[in-house]
Amino acid sequence: MIIRLLQRDEIPLIWQIDRREVIHNIYHLRDGELVLVPEFFDMKGWPPAEAKHYTPILMDCFDRGGTFWGAFEDGKLVGTAILESKWIGSKCDTLQLKFLHVSRGQRKQGLGTKLFQLAVEHARSLGAKKLYISATPSENTINYYMRLGCVLATEIDSELFALEPEDIHLEYLIP
(Lines give C-alpha, C1' and ligand atoms only; values in the text may rest on other atoms or scores of the structure.)
Protein backbone atom coordinates (compact mmCIF):
# COMPACT_ATOMS: atom_id res chain seq x y z
CA MET A 1 0.00 0.00 0.00
CA ILE A 2 1.34 3.39 -1.00
CA ILE A 3 -0.21 6.55 0.42
CA ARG A 4 0.73 9.79 -1.30
CA LEU A 5 -0.62 13.16 -2.32
CA LEU A 6 -2.85 13.10 -5.39
CA GLN A 7 -2.28 15.35 -8.36
CA ARG A 8 -5.13 17.32 -9.90
CA ASP A 9 -5.36 15.05 -12.95
CA GLU A 10 -5.79 12.03 -10.64
CA ILE A 11 -9.00 13.32 -9.03
CA PRO A 12 -11.23 11.29 -11.41
CA LEU A 13 -9.57 8.12 -10.05
CA ILE A 14 -11.61 8.65 -6.88
CA TRP A 15 -14.61 7.12 -8.63
CA GLN A 16 -12.68 3.80 -8.85
CA ILE A 17 -13.09 3.39 -5.09
CA ASP A 18 -15.50 0.54 -4.39
CA ARG A 19 -18.15 2.24 -2.30
CA ARG A 20 -20.46 -0.79 -2.06
CA GLU A 21 -22.06 -1.31 1.33
CA VAL A 22 -25.17 -2.93 2.73
CA ILE A 23 -26.73 -0.57 5.27
CA HIS A 24 -29.23 -1.83 7.82
CA ASN A 25 -29.53 1.21 10.10
CA ILE A 26 -29.06 4.94 9.79
CA TYR A 27 -28.82 7.72 12.34
CA HIS A 28 -31.12 10.71 12.56
CA LEU A 29 -30.50 13.73 14.74
CA ARG A 30 -33.56 14.41 16.89
CA ASP A 31 -33.61 17.03 19.62
CA GLY A 32 -29.82 17.05 19.72
CA GLU A 33 -29.55 13.27 20.12
CA LEU A 34 -28.52 10.58 17.68
CA VAL A 35 -31.33 8.08 17.12
CA LEU A 36 -30.63 4.83 15.25
CA VAL A 37 -33.45 3.84 12.91
CA PRO A 38 -33.75 0.64 10.86
CA GLU A 39 -33.50 1.52 7.17
CA PHE A 40 -32.16 -0.83 4.54
CA PHE A 41 -30.02 0.33 1.64
CA ASP A 42 -27.95 -1.78 -0.68
CA MET A 43 -25.39 0.71 -1.96
CA LYS A 44 -24.18 -0.79 -5.22
CA GLY A 45 -21.52 1.88 -5.61
CA TRP A 46 -21.47 5.57 -6.37
CA PRO A 47 -24.84 7.05 -7.35
CA PRO A 48 -25.03 7.44 -11.15
CA ALA A 49 -24.53 11.23 -11.30
CA GLU A 50 -22.05 11.48 -8.40
CA ALA A 51 -18.86 11.68 -10.47
CA LYS A 52 -20.31 14.24 -12.87
CA HIS A 53 -21.59 16.38 -10.00
CA TYR A 54 -18.65 16.12 -7.58
CA THR A 55 -15.62 16.11 -9.87
CA PRO A 56 -15.85 19.87 -10.59
CA ILE A 57 -16.39 20.53 -6.86
CA LEU A 58 -13.29 18.50 -6.01
CA MET A 59 -11.29 20.24 -8.75
CA ASP A 60 -12.28 23.61 -7.26
CA CYS A 61 -11.25 22.38 -3.81
CA PHE A 62 -7.87 21.31 -5.21
CA ASP A 63 -7.41 24.65 -6.97
CA ARG A 64 -8.14 26.49 -3.67
CA GLY A 65 -5.33 24.59 -2.00
CA GLY A 66 -7.19 21.56 -0.65
CA THR A 67 -5.04 18.55 0.20
CA PHE A 68 -5.82 15.20 -1.41
CA TRP A 69 -4.30 11.94 -0.22
CA GLY A 70 -4.62 8.72 -2.15
CA ALA A 71 -3.96 5.15 -1.06
CA PHE A 72 -2.90 2.89 -3.90
CA GLU A 73 -2.77 -0.89 -3.95
CA ASP A 74 -1.35 -2.55 -7.04
CA GLY A 75 -1.59 0.80 -8.85
CA LYS A 76 -5.31 1.24 -8.12
CA LEU A 77 -6.74 3.99 -5.90
CA VAL A 78 -8.45 2.26 -2.96
CA GLY A 79 -8.78 5.10 -0.48
CA THR A 80 -8.78 8.87 -0.28
CA ALA A 81 -8.99 11.68 2.23
CA ILE A 82 -9.55 15.28 1.22
CA LEU A 83 -8.97 18.26 3.48
CA GLU A 84 -10.62 21.50 2.39
CA SER A 85 -8.47 24.64 2.66
CA LYS A 86 -11.35 27.06 3.31
CA TRP A 87 -11.58 28.09 6.97
CA ILE A 88 -15.01 27.80 8.56
CA GLY A 89 -16.58 28.35 11.97
CA SER A 90 -17.24 31.53 13.92
CA LYS A 91 -13.58 31.61 14.99
CA CYS A 92 -12.28 30.59 11.53
CA ASP A 93 -10.35 27.78 13.22
CA THR A 94 -11.98 24.79 11.53
CA LEU A 95 -11.24 22.90 8.32
CA GLN A 96 -13.60 20.46 6.65
CA LEU A 97 -12.69 16.84 6.06
CA LYS A 98 -14.42 16.96 2.70
CA PHE A 99 -14.05 13.33 1.75
CA LEU A 100 -12.91 10.07 3.35
CA HIS A 101 -13.61 6.87 1.45
CA VAL A 102 -12.01 3.44 1.48
CA SER A 103 -12.80 0.63 -0.95
CA ARG A 104 -14.90 -2.21 0.38
CA GLY A 105 -12.07 -4.76 0.27
CA GLN A 106 -9.72 -2.55 2.29
CA ARG A 107 -12.11 -1.53 5.09
CA LYS A 108 -11.51 -2.51 8.73
CA GLN A 109 -7.75 -2.76 8.16
CA GLY A 110 -6.74 0.66 9.49
CA LEU A 111 -6.50 2.48 6.16
CA GLY A 112 -9.33 4.91 6.88
CA THR A 113 -7.79 5.73 10.26
CA LYS A 114 -4.39 6.31 8.65
CA LEU A 115 -5.94 8.68 6.08
CA PHE A 116 -7.93 10.44 8.83
CA GLN A 117 -4.77 10.92 10.88
CA LEU A 118 -2.93 12.39 7.88
CA ALA A 119 -5.72 14.95 7.54
CA VAL A 120 -5.63 15.71 11.29
CA GLU A 121 -1.85 16.16 11.28
CA HIS A 122 -1.98 18.45 8.26
CA ALA A 123 -4.87 20.48 9.68
CA ARG A 124 -2.92 20.86 12.94
CA SER A 125 0.14 22.07 11.02
CA LEU A 126 -2.05 24.75 9.42
CA GLY A 127 -3.30 25.89 12.83
CA ALA A 128 -6.75 24.28 12.80
CA LYS A 129 -8.40 23.54 16.14
CA LYS A 130 -11.15 21.33 14.68
CA LEU A 131 -12.14 19.21 11.71
CA TYR A 132 -15.72 19.45 10.49
CA ILE A 133 -17.23 16.30 9.01
CA SER A 134 -20.56 16.10 7.19
CA ALA A 135 -21.00 12.33 7.42
CA THR A 136 -23.32 9.92 5.65
CA PRO A 137 -25.76 8.85 8.39
CA SER A 138 -25.16 5.09 8.07
CA GLU A 139 -24.56 3.25 11.33
CA ASN A 140 -21.11 2.05 10.22
CA THR A 141 -19.96 5.53 9.17
CA ILE A 142 -21.14 7.37 12.29
CA ASN A 143 -19.87 4.66 14.64
CA TYR A 144 -16.49 4.77 12.85
CA TYR A 145 -16.14 8.53 13.32
CA MET A 146 -17.26 8.28 16.96
CA ARG A 147 -14.57 5.64 17.61
CA LEU A 148 -12.02 8.11 16.23
CA GLY A 149 -13.19 10.68 18.80
CA CYS A 150 -15.58 12.75 16.71
CA VAL A 151 -18.62 14.26 18.39
CA LEU A 152 -21.75 16.04 17.23
CA ALA A 153 -20.78 19.44 15.89
CA THR A 154 -21.31 22.20 18.44
CA GLU A 155 -21.53 24.76 15.64
CA ILE A 156 -23.33 23.69 12.46
CA ASP A 157 -21.97 25.19 9.27
CA SER A 158 -25.11 26.50 7.56
CA GLU A 159 -23.65 26.24 4.04
CA LEU A 160 -22.60 22.61 4.50
CA PHE A 161 -25.86 21.76 6.25
CA ALA A 162 -27.83 23.21 3.32
CA LEU A 163 -25.88 20.97 0.94
CA GLU A 164 -26.37 17.80 3.01
CA PRO A 165 -29.17 18.21 5.56
CA GLU A 166 -29.58 14.44 6.01
CA ASP A 167 -25.93 14.01 6.98
CA ILE A 168 -24.77 13.91 10.58
CA HIS A 169 -22.55 16.94 11.18
CA LEU A 170 -19.59 16.09 13.38
CA GLU A 171 -16.42 17.70 14.61
CA TYR A 172 -13.08 16.43 15.76
CA LEU A 173 -11.15 18.51 18.28
CA ILE A 174 -7.52 18.48 17.22
CA PRO A 175 -5.31 17.79 20.23
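**Exercise 1. The span of H2**

How many residues does H2 have, and what distance does it reach from its first C-alpha to its last?

*Solution.* Keep in mind as you work that this is a predicted model.
- Step 1: Count the residues of helix H2, which gives 15.
- Step 2: Take the distance from the first C-alpha of H2 to its last, which is 21 Å.
- Step 3: Set this beside the expectation at 1.5 Å a residue: the span of H2 is close to the expected 21 Å.
- Step 4: Look at what comes next: H2 is followed by Gly127, with a positive phi near 100°.

**Exercise 2. The largest nonpolar core**

Find which residues touch the most other members of the largest nonpolar core, and which element gives the most to this core.

*Solution.*
- Step 1: The largest nonpolar core holds 30 residues, and Phe116, Leu131, Ile133 and Tyr145 have contacts with the most other members.
- Step 2: Sort the members by element: two or more residues come from each of strands E4 (67-73), E5 (76-83), E6 (94-102), E7 and E9, and from helices H2 (111-125) and H3 (139-148).
- Step 3: The element giving the most is H2, with 7 residues.
- Step 4: Look for a separate group. A second core, with 14 residues, includes Leu6, Ile11, Trp15 and Phe68.
- Step 5: Return to H2 and list its buried residues: Leu111, Gly112, Leu115, Phe116, Leu118, Ala119, Val120 and Ala123.

As background, nonpolar side chains in soluble globular proteins tend to be buried together.

**Exercise 3. The buried side of H3**

Work out which residues of H3 are buried, and how they are arranged around the axis.

*Solution.*
- Step 1: The buried residues of H3 are Ile142, Tyr144, Tyr145 and Leu148.
- Step 2: These residues lie on the same side of H3, because the arc they cover around the axis is only 155°.
- Step 3: Ask what this buried set packs against: strands E2 (21-30), E3 (33-43), E6, E7 and E9, together with helix H2.
- Step 4: Zoom in on Tyr145. Beyond its neighbours within four places in sequence, Tyr145 has contacts with Leu97, Leu100, Phe116, Ile133, Ala135, Cys150 and Leu170.
- Step 5: Follow the chain out of the helix: Gly149 comes after H3 and has a positive phi, near 110°.

**Exercise 4. E9 and its partners**

Identify the strands joined to E9, then describe the segment after E9.

*Solution.*
- Step 1: Strand E9 (residues 168-173) is mostly covered, with 5 of its 6 residues buried.
- Step 2: E7 (residues 130-135) runs antiparallel to E9, and 6 bridges join the two. E8 (residues 151-152) is also antiparallel to E9, through 2 bridges.
- Step 3: Use Glu171 as a marker. This residue of E9 is the bridge partner of Tyr132, and Val151 stands opposite Glu171 as well.
- Step 4: Move on to Ile174, in the segment after E9. Its relative accessibility is 12%, so Ile174 counts as buried.
- Step 5: List what Ile174 touches, leaving out residues up to four places away in sequence: Val120, Ala123, Arg124, Ala128, Lys129, Lys130 and Leu131.
- Step 6: Check one pair along the chain: Ile174 and Gly127 are 47 residues apart, and their C-alpha atoms are separated by 9.6 Å.

**Exercise 5. Loop residues**

Decide whether Asp74, Lys108 and Gln106 are buried or exposed.

*Solution.*
- Step 1: Asp74 lies in the loop between E4 and E5. Its relative accessible area is 81%, so Asp74 is exposed.
- Step 2: Lys108 is in the loop between E6 and H2, and is exposed at 82%.
- Step 3: Gln106 also has its place in the loop between E6 and H2, but is buried, at 13%.
- Step 4: Contacts of Gln106, beyond neighbours within four places in sequence, are Met1, Glu73, Val78 and Leu111.
- Step 5: Turn to the backbone. Most residues other than glycine have a negative phi. Asp74, not a glycine, has a positive phi of about 55°, and Lys108, also not a glycine, has a positive phi of about 65°.

**Exercise 6. Cysteines**

How many disulfides does a search of the whole structure find?

*Solution.*
- Step 1: The search finds 0 disulfides.
- Step 2: Test Cys61. Its closest cysteine sulfur is in Cys92, 17 Å away, and therefore too far for a bond. The cut-off is 2.5 Å between sulfur atoms.
- Step 3: Add the surroundings: Cys61 counts as buried, at 0% relative accessibility.

Terms used. Residues are numbered from 1 along each chain as its sequence is written. This is a predicted model: local features need pLDDT of at least 70, side-chain atom pairs count only at pLDDT 80 or more; totals for chains, interfaces and linings use all residues. Side-chain values use heavy atoms; hydrogens and water are left out. Buried means under 20% relative accessible area, exposed over 50%, partly exposed in between (1.4 Å probe, protein chains only). Helices (H or I, at least four residues) and strands (E, at least two) are DSSP runs, numbered from the N terminus. Two strands pair if DSSP finds at least two bridges between them. A nonpolar core is a set of buried Ala, Val, Leu, Ile, Met, Phe, Trp, Tyr and Cys residues joined through side-chain atoms within 4.5 Å. Contact means heavy atoms within 4.5 Å. The arc is that of the directions from the helix axis to the C-beta atoms. The expected span of a helix is 1.5 Å times one less than its number of residues.
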